Amino acid sequence: LEIFDYSLEVNDQEYERNFYKKRVCFAGNLNPNKTGFLYKLDNNPPSTYSINVYGKKEKEFKNLNYCGCYPPEDLPKKMIAEFGLIWEGDDYTYDESEHPYIMFNNPHKASLYTISKLPIIVWKKAAIADLVLQEGIGVVIDSIQDIDRIMQDITAEDYTLMQNNINKFRRKLINGEHIHAALSMAESFIL
């Protein structure tokens, strides 16, 4: 599939982004055992960007902006940020031997962020990383700490290009092009 399609009626005007605000969102499981890195960031917040967090709150945040928990059909309209982060675990970096599934997993967050017009930030060896780079819909990182540098290095022109690419790519997700392509491929093996 490369990425999951996301069938949703959307209003393009709802997703205007402001590059200069430099906000990153994380949507998903907020259990400290699953996303311990968030709680580390909460104790030592980044200086070049802010983090908006969406999901079922497990603990209070001191420095990250908790923005609520919404059903999947409402979440794309509620996310306020300029980038969407795909990450999990306790650490700011990944050890391939401890997280091998990340190199094969197709995360739902990638589709969610794309539908929400959020360029994606993801680990450079994640399964979705090649697609992110190929389509120009985000950036890849070695470590969470790389986000500071990225926020300083990305220009407004770079961000506009990512937004243009993500606008084109999200239409494919809304129209179900990936599932149609996968079904056609499956049919070719059967027939």
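## Strands E4, E5 and E6

In which sense do strand E4 and strand E5 pair, and over how many bridges? This is a predicted model, and in it E4 (residues 83-86) and E5 (residues 120-123) run parallel, with 3 bridges between them. If you want a spot to click on, Gly84 sits opposite Ile120 in E5.

E5 also pairs with strand E6 (residues 138-141), again in the parallel sense, this time over 4 bridges. Here Val122 is the residue facing Val140 in E6. To get from E5 to E6, the chain passes through helix H4 (residues 129-135), and the resulting β-α-β crossover is right-handed.

## The largest pocket

Now for the space a ligand person might look at. The largest pocket holds about 420 Å³. It has 24 lining residues, and the ones closest to its centre are Ala27, Gly28, His108, Lys109 and Leu112.

What gives the most to that lining? That would be helix H3 (residues 108-115), which puts in 3 residues. As for chemistry, the lining splits into 18 nonpolar, 4 polar and 2 charged residues.

## Around Thr48

Thr48 lies in the loop that links helix H1 (36-43) to strand E2 (50-54). Its side chain makes a polar contact of 2.5 Å with the side chain of Asp148.

Which residues does Thr48 touch, leaving aside those up to four places away in sequence? Asp148 is on that list, along with Lys22, Met151 and Gln152.

Methods
Residues are numbered from 1 along each chain as its sequence is written. This is a predicted model: local features need pLDDT of at least 70, side-chain atom pairs count only at pLDDT 80 or more; totals for chains, interfaces and linings use all residues. Side-chain values use heavy atoms; hydrogens and water are left out. Helices (H or I, at least four residues) and strands (E, at least two) are DSSP runs, numbered from the N terminus. A polar contact is a pair of N or O atoms within 3.5 Å; within protein, one must be able to donate a hydrogen and the other to accept it, and residues adjacent in sequence count only if both atoms are side-chain atoms. Contact means heavy atoms within 4.5 Å. On a 1 Å grid over the protein atoms alone, a cavity is a set of points where a 1.4 Å probe fits but cannot get out, and a pocket is an open set with protein on both sides within 12 Å along at least five of seven lines; lining residues have an atom within 4 Å of a point. Grid points are joined across faces, edges and corners, and a volume is the space filled by probe spheres set on the points. Ala, Val, Leu, Ile, Met, Phe, Trp, Tyr, Cys and Pro count as nonpolar, Asp, Glu, Lys and Arg as charged, and the others, Gly among them, as polar. Two strands pair if DSSP finds at least two bridges between them. A crossover is right-handed if, with the strands pointing away from the viewer, the path from the first strand over the helix to the second runs clockwise.
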